[in-house]
Amino acid sequence: MKSAGHLPDTRCPERRSPDEDDSGALVLADESNGKLDGIGRADAPSSWKHTRGLEPDIDLTWHHVIPLRCLTTVWNGLVEGEHWSTAERFLHVAGADNASHLVEEMKAGRIGGEERDVLHEHVTWQGWNIVEGPGGLCRSDDPGDQYERFHWTSLSGNQRATLMAVSAIYSEMGPLHRQLDRAEPRKISSQQAKSLSDSLSTNRLALRKKAPIPFSEGMWDKLDPGRAGKRKPRYRKKAF
């Protein structure tokens with residue numbers, strides 16, 4: 001299989017909902033304090049381009065490593081608990097150049113317009129948290145809201161370091177997500193927020209401004225090779 005081009009919509013199931021616009025794209029409702037309300041998501045960054053020139057052609061998509069639901073649930077927990085320093089650090093690691101300003105606008109309850117879109121993009125689409133891979137009928141094992149642990153022997157040392165750093169972040173966010181899903185009211189303690197902030201700080205250099213990991217066939221088991229012009233190949237994630 002030959003590939004040309006570089007860079008790694010996400011694996012979330014396609015569905016209509018009150019948060020879906022007329023074009024079929026999922027969108028997030030928002031609150032002026034920066035909390036994300038709704039089950040949708042912002043569009044993936046327009047600068048990301050899928051790998052081209054694959055033979056046979058594959059339907060490619062953007063897979064979240066840390067699930068979207070985990071990201072938004074923990075983010076909302078930080079906002080509700082007013083853990084602003086951790087929220088700012090998360091936005092910075094996610095790639096925001098104006099993280100401090102965004103947090104000040106959140107605290108003042110005036111996030112809206114373009115700033116709202118920037119905030120949503122950074123909370124839901126971090127390049128370091130995305131792996132490009134088969135989607136739709138080309139993948140047999142979509143994980144839904146589960147953490148994606150990818151086989152990385154085919155990846156570069158830099159890409160492996162990125163996934164290791166993402167795993168470290170998830171070791172903090174995963175338990176918070178499970179806690180917030182069952183707790184009422186949903187609260188993150190100051191100590192938990194600090195622990196997440198420390199992990200973000202420790203892994204900042206391995207994550208900030210990283211692009212998605214582009215499609216690598218070595219990360220996948222091919223169940224059906226497909227046939228050019230007739231049938232697309234089908235994959236599942238390579239087991240450890």
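**Exercise 1. Take Lys237: work out whether Lys237 is buried or exposed, and what its side chain pairs with.**

Step 1. Start with the cover. Lys237 has a relative accessible area of 18%. The cut-off for buried is under 20%, so Lys237 counts as buried. Keep in mind that this is a predicted model.

Step 2. Now look for a partner. The side chain of Lys237 meets that of Glu148 in a salt bridge, 2.7 Å from N to O.

Step 3. Place the two ends. Lys237 sits in strand β6 (residues 234–237) and Glu148 in the loop between β4 and α5, so this pair ties together parts that are 89 residues apart in sequence.

Step 4. Check the partner's cover too. Glu148 has a relative accessible area of 1%, so Glu148 is buried as well.

**Exercise 2. Find what else Glu148 pairs with, and say which residues make up the network.**

Step 1. Glu148 also forms a salt bridge with Arg139, and here the closest N and O atoms are 2.8 Å apart.

Step 2. Arg139 is another buried residue, at a relative accessible area of 6%.

Step 3. Put the pieces together: a network of salt bridges links Arg139, Asp141, Glu148 and Lys237.

Step 4. Set another pair beside it. Glu217 and Lys222 have side chains that meet in a salt bridge at 3.2 Å, N to O. Glu217 is partly exposed at 29% relative accessibility, and Lys222 is partly exposed too, with a relative accessible area of 38%. For the whole protein, the count of salt bridges comes to 16.

**Exercise 3. Describe helix α5: how many residues it has, where it kinks and what its buried residues pack against.**

Step 1. Get the dimensions. α5 runs over residues 157–182. The helix has 26 residues and reaches 38 Å from its first C-alpha to its last, close to the 38 Å expected at 1.5 Å a residue.

Step 2. Look for a bend. α5 has a kink of about 35 degrees, centred on Tyr170.

Step 3. Pick out the covered positions. The buried residues of α5 include Gln159, Ile169, Tyr170, Met173 and His177.

Step 4. Ask what covers them. The buried residues of α5 pack against α1 (68–80), α2 (84–93), β4 (130–134), α6 (190–202) and α7 (204–207).

Step 5. Try two of these residues up close. His177 is buried, with a relative accessible area of 9%, and its contacts beyond four places in sequence are Arg69, Cys70, Thr73 and Val74. Gln159, also in α5, touches Ile213 and Pro214, again leaving out residues up to four places away in sequence. The C-alpha atoms of Gln159 and Pro212 lie 9.3 Å apart, although 53 residues separate them in sequence.

**Exercise 4. Say how much of α1 is buried, and name the residue that follows with a positive phi.**

Step 1. α1 has 13 residues and spans 18 Å from first C-alpha to last, close to the 18 Å expected at 1.5 Å a residue.

Step 2. Of those 13 residues, 11 are buried, so the helix is mostly covered. Among them are Cys70, Thr73 and Val74, and those three are also contacts of His177.

Step 3. After α1 comes Glu82, with a positive phi near 55 degrees.

**Exercise 5. Identify which residues touch the most other members of the largest nonpolar core, and which element gives the largest share.**

Step 1. The largest nonpolar core holds 49 residues, and Ile66, Trp75, Leu91, Met106 and Met173 touch the most other members.

Step 2. Two or more residues each come from α1, α2, α3 (99–107), α4 (113–124), α5 and α6.

Step 3. The largest share, eight residues, comes from α5.

Step 4. Check for a second core. Apart from this one lies another core, of six residues, including Ala42, Ala44, Trp125 and Ile130.

Step 5. Zoom in on Trp75. Beyond four places in sequence, its contacts include Gly34, Leu36, Phe90, Leu91, Met106 and Leu119.

Step 6. Step back to the whole protein. There are seven helices and six strands, and buried residues make up 46% of the 240 residues. In soluble globular proteins, nonpolar side chains tend to be buried together.

Key: Residues numbered from 1 in each chain as written. Predicted model: local features only at pLDDT ≥ 70, side-chain atom pairs only at ≥ 80, totals over all residues. Heavy atoms only, no water. Helix = DSSP H or I, 4+ residues; strand = E, 2+ residues; numbered from the N terminus. Buried < 20%, exposed > 50% of the residue type's maximum accessible area, 1.4 Å probe, protein only. Contact = heavy atoms within 4.5 Å. Expected span 1.5 Å × (residues − 1). Bend = angle between axes of the 7 residues up to and from the residue. Core = buried A, V, L, I, M, F, W, Y, C linked by side-chain atoms within 4.5 Å. Salt bridge = Lys/Arg side-chain N within 4 Å of Asp/Glu carboxyl O.
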